[in-house]
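Q: I would be grateful for a close look at a single part of this model, set in the context of the whole fold.

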Amino acid sequence: MTSTYKAVLYGPNPMAGGMELDLEYVEGNYQDMVVLEAVEEDTVIVRSYRRGPETEEPVPYRFYEEVDDEVGGEPDVQN
């Protein structure tokens with residue numbers, strides 16, 4: 001058995017629209033979630049993908065959530 005498997009990410013953006021990648025098994029199982037991070041124009045973009053019930057490779061992961069944070073901006077501190 002290999003330590004990696006083929007996965008494909010699907011989402012509403014070109015960052016991972018149909019992108020294939022090799023993922024490592026976690027304790028012999030598929031990963032439930034994949035998180036990608038990118039920096040675009042002083043913004044850190046973090047996108048999450050969740051695995052569906054399919055088990056045939058490449059295993060599909062669907063877009064779940066996106067979080068955008070500005071890089072180097074003033075901290076947002078609430079009083």
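Q: Which residue stands opposite Ile45 in β5? Please describe the pairing around this position and the parts of the chain that border it.

A: The model is a predicted one, and in it Ile45 stands opposite Asp68 of β5. Ile45 falls within β4, which spans residues 43–51, and Asp68 within β5, which spans residues 59–70. These two strands run antiparallel and are joined by nine bridges.

The connection between β4 and β5 has a feature of its own. Pro58 lies in the loop between these strands, and the peptide bond that joins Glu57 to Pro58 is cis, with omega at about 0°. In general, most peptide bonds are trans, and most residues other than glycine have a negative phi.

On the other side of β4 in sequence, the loop between β3 and β4 holds Asp42. Asp42 is not a glycine, yet its phi is positive, near 65°. A relative accessible area of 57% places Asp42 among the exposed residues, because the cut-off for that class is over 50%. Asp42 also has partners far along the chain: its C-alpha atom is separated by 5.1 Å from that of Val71, although their positions lie 29 residues apart in the count along the chain. Apart from neighbours within four places in sequence, Asp42 is in contact with Asp69, Glu70 and Val71. Of these contact partners, Asp69 and Glu70 belong to the residue range of β5.

The pairing of β4 with β5 is part of a wider arrangement. Five strands form an open sheet in the order β2-β1-β5-β4-β3, with mixed pairing. The edges are taken by β2 and β3, each of which has a single partner strand, so one side of each is left without a neighbour in the sheet. From one strand to the next, the twist averages 35°.

Beyond β5 in the sheet order comes β1. β1 and β5 pair in the parallel sense over four bridges, and Ala7 has Val59 of β5 as its bridge partner. Strand β1, residues 4–10, is joined to β2 by six bridges, and these two strands run antiparallel. Within that pairing, Leu9 stands opposite Met19 in β2.

A second positive phi is found in the loop between β2 (19–24) and β3 (33–40), where Glu27 is placed. Phi of Glu27 is about 55°, although the residue is not a glycine. Glu27 counts as exposed because its relative accessibility is 78%, where exposed means over 50%.

For the protein as a whole, the count is five strands and zero helices, and the elements run β-β-β-β-β from the N terminus on. Of the 79 residues, 28% are buried. The protein exposes about 5800 Å², and carbon and sulfur atoms supply 45% of that area. Among contacts with a separation of 6 or more, 39% involve residues 24 or more positions apart. The C-alpha atoms of Asp42 and Val71, 29 residues apart along the chain, give a local example of such a separation in sequence.

Technical notes: Residues numbered from 1 in each chain as written. Predicted model: local features only at pLDDT ≥ 70, side-chain atom pairs only at ≥ 80, totals over all residues. Heavy atoms only, no water. Buried < 20%, exposed > 50% of the residue type's maximum accessible area, 1.4 Å probe, protein only. Contact = heavy atoms within 4.5 Å. Areas by Shrake-Rupley, 256 points an atom, 1.4 Å probe, with all protein chains shown as cover. Pairing = 2+ DSSP bridges. Axes fitted to C-alpha atoms, helices over the stretch in contact; angles between N-to-C directions.
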